[in-house]
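Here's a quick walk through how some helices and strands pack in this model. Have a look at the structure first, then we'll go piece by piece.

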Amino acid sequence: MNVVFISPHFPSHYIHFVQALRERGVNVLGIGDAPHDALKPELRNALSEYYFTPSLDNHEALLRAVGYLTWRHGRIHRIDSLNETWLESEAKLRADFFVPGLLPGDIARMRSKLGMHDVFKQAGIPHPDAIAATDAAQVKAFAKRVGYPLVLKPDVGVGAAHTFKVKNDGEVEALFTQPLPTSYVAQTFVQGAIVTYDGMVDAEGRIVCTFSHEYSNGIMESVIEQRDTVIWSLRELPAELDALGRRMVEALGLRERWFHLEFFRLDNGSFVALEANLRPPGSVLTDMMNYACDIDVYRLWARMLTGESVTPFPYTRKYHVCHTARRASRRYLHPHREVVSKLGDALLQHLEMPAVFHSALGNEIYLTRHQSLDTMKEAIRLIQTTS
């Protein structure tokens, strides 16, 4: 089996996906924008071949890369990156080389905010109202119907980059004094905690496993207000969230894929869909899943991709695993050495984050594991209390 893996070196923990495929006897053919000599030795050893191209944004270069790898190794059976940035590139290459998986039409329907809006509406899933935001008059008319505040965001985007919250007509007019950098949508602002529904679905559309993570604040607030962020896994999935998540996966028609669905939990305990992402959750949440359940989702994905029946998959959510971030711009009461000493065995990892994640997630994170929410909250206070 020949699998093309785009950008196998970033994020760095995605090497585990590559290694898991190699363990299954797969020829993993990497395409990346880092020189071969810059790859970690363990990644080089896991790849059957690596094709370097200076830019992964150049579709002609990707065509040449996959064409060369096809000439060298024969038919390509899968193309993936598990990365939001390259979803569209993957889809185009699948169409070009007749490879199963999401195609450009699927991406246009499932990845755009307006496309998701239509899917949610047809499936009867509660969601914020939204329109295409082409000019100030249109947005103000929308606000007159649904009320302020509104959120304006790229129709296709990652995280909260270039996202704006507007509270009145004047702020809308100010925003449109210059052309927006891409196609935008205006969406009703919803106040609530962000709770995810994450997992995998097999080739028959059956859900293999599900996980849920809660955010201390939204990524938009983290980026705009530079708040410290906390993300933790839930040991029990709320029944309504599980039902809505399953309905959304079915409505999207996903097969043989990861999914990362985001919801708002309102004050009354109900859930409203925010968006669907056709990939694993970001940062190191795949590691958090492993720590929470004592499993290996990297190997589980490789088993599924290589045709093994993995449904049902036995697992138990044993722990709350917490992702607590610090920012270099703040002074914290407890220095790193003290935090490590006091956390003891509860500390799983301490990581310096790549620069691309600093705005949304902070400069460093601590992963900790707890059986109760109370001990988790104590750890958060220890890590995030400022001096």
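## Strands around β17

Two strands pair if DSSP finds at least two bridges between them. Keep in mind as you read on that this is a predicted model. With that in hand, start at H320, which stands opposite H370 in β17. The strands behind that match are β15 (residues 320-326) and β17, and they pair in the antiparallel sense over seven bridges.

β17 also pairs with strand β16 (residues 347-352), again in the antiparallel sense, this time over five bridges. Here L347 is the residue standing opposite T368 in β17. How many of the seven residues of β17 are buried? Six of them, so β17 (residues 364-370) is largely enclosed by the rest of the structure.

## β13 and its two partners

Strand β13 (residues 257-265) is mostly covered too, with eight of its nine residues buried. One partner is strand β9 (residues 193-201), which pairs with β13 in the antiparallel sense over nine bridges. If you want a pair to click on, G199 has F259 in β13 as its bridge partner.

The other pairing to look at is with strand β14 (residues 271-277): six bridges join it to β13, and the two run antiparallel. R265 stands opposite F271 in β14. Together β13 and β14 form a hairpin with five residues between them. Which residue in the turn has a positive phi? That's G269, at about 90 degrees.

## A four-stranded open sheet

Next up is an open sheet of four strands, ordered β5-β8-β6-β7 with antiparallel pairing. Its edge strands are β5 (130-132) and β7 (164-166), each of which pairs on one side only. On average, neighbouring strands of this sheet are turned by 25 degrees against each other, direction ignored.

Zooming in on one edge, three bridges join strand β6 (residues 150-154) to β7, and these run antiparallel. V151 stands opposite K165 in β7. There's a helix on this sheet as well: α6 (residues 113-123) lies across β5, β6 and β8 (184-188), running at about 140 degrees to β5.

## α3 against α4

Now for helix pairs. The axes of helix α3 (residues 59-73) and helix α4 (residues 87-97) come within 11 Å and cross at roughly 50 degrees. That angle is why α3 counts as oblique to α4. α3 passes α4 in a right-handed crossing.

On the α3 side the contact residues are H59, L62, L63, V66, G67 and T70, and they meet S89, K92, L93, D96 and F97 in α4. Sorted by class, the residues of this contact of α3 with α4 come out as five nonpolar, four polar and two charged.

## α13 against α15

The last pair is helix α13 (residues 336-343) with helix α15 (residues 373-384), whose axes come within 10 Å and cross at roughly 165 degrees. So α13 is roughly antiparallel to α15. α13 passes α15 in a right-handed crossing.

Which residues make the contact? From α13 you get V339, K342 and L343, and from α15 there are A379, L382 and I383. By class, the contact of α13 with α15 has five nonpolar residues, no polar ones and one charged.

Key: Residues are numbered from 1 along each chain as its sequence is written. This is a predicted model: local features need pLDDT of at least 70, side-chain atom pairs count only at pLDDT 80 or more; totals for chains, interfaces and linings use all residues. Side-chain values use heavy atoms; hydrogens and water are left out. Axes are lines fitted to C-alpha atoms, for helices over the stretch in contact, and angles run from 0 to 180 degrees between N-to-C directions. Angles under 35 degrees count as roughly parallel, over 145 as roughly antiparallel, 65 to 115 as roughly perpendicular and the rest as oblique. A crossing is left-handed if the near helix is turned anticlockwise from the far one by less than a right angle, and right-handed if clockwise. Contact means heavy atoms within 4.5 Å. Ala, Val, Leu, Ile, Met, Phe, Trp, Tyr, Cys and Pro count as nonpolar, Asp, Glu, Lys and Arg as charged, and the others, Gly among them, as polar. Buried means under 20% relative accessible area, exposed over 50%, partly exposed in between (1.4 Å probe, protein chains only).
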